[in-house]
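Reader: I would like to learn how to read a helix in a model. Please take me through it step by step.

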Amino acid sequence: MAVLQPNNWIGFIPVWVSNISPLSPSLMLHIHSGFEILLGLLLIAGWQRRPVAILAMLDIIAILIMTGVNDLTFRDIGLAALSLILIF
C-alpha cells in the first residue's frame with residue numbers, strides 16, 4: 001500500500017515524471033494515494049457516481065499510459081473496465 005510504504009512503489013513512477021516534478025517521489029505517491037482513496041470513498045458513498053467514476057477511469061488510464069506494460073498492467077485494465085461500468 002503506497003500510503004503506508006511508498007518506498008515499495010517508487011520504482012513504478014516513470015523517470016520522466018520524477019525529473020519534471022518538484023515533489024519528492026514519496027510525496028507524489030502520498031498525494032496520489034490520497035486522491036485514489038478519496039475517489040474510492042466517494043464511489044462507496046454513491047456521491048456523484050458518474051463524475052467520480054469518470055475521474056477514476058481517467059486516473060487508471062493515465063497510469064496505464066505513463067507506465068506502459070509492467071507487473072500491474074492487467075490489474076489496471078480490470079480497474080479501468082470496472083470504472084467504465086460504474087459510469088453507466
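The dialogue below looks at one helix and then at two residues.

Author: This is a predicted model, in which local features need pLDDT of at least 70 and side-chain atom pairs count only at pLDDT 80 or more, while totals for chains, interfaces and linings use all residues. Residues are numbered from 1 along each chain as its sequence is written, and side-chain values use heavy atoms, with hydrogens and water left out.

Reader: What span should helix α4 have?

Author: Helices are DSSP runs (H or I, at least four residues), numbered from the N terminus. The expected span is 1.5 Å times one less than the number of residues. Helix α4 has 15 residues (73-87), so 21 Å is expected, and its end C-alpha atoms are 21 Å apart, which agrees.

Reader: Which residues of α4 are buried?

Author: Buried means under 20% relative accessible area, and exposed over 50% (1.4 Å probe, protein chains only). In α4, T73, D76, A80, S83 and I87 are buried. Viewed down the axis of α4, they fall within an arc of 80°, so they line one face of the helix. The arc is taken from the directions from the helix axis to the C-beta atoms. F74, L82 and I85 are exposed on the other side of α4.

Reader: What covers the buried residues of α4?

Author: The cover includes α3 (49-67).

Reader: Is T73 buried or exposed?

Author: T73 is buried, with a relative accessible area of 8%. Leaving out residues up to four places away in sequence, T73 touches L64 and G68; contact means heavy atoms within 4.5 Å.

Reader: Where is N19?

Author: N19 lies in helix α1 (residues 15-20) and is exposed, with a relative accessible area of 62%.

Methods
Helix = DSSP H or I, 4+ residues; strand = E, 2+ residues; numbered from the N terminus.
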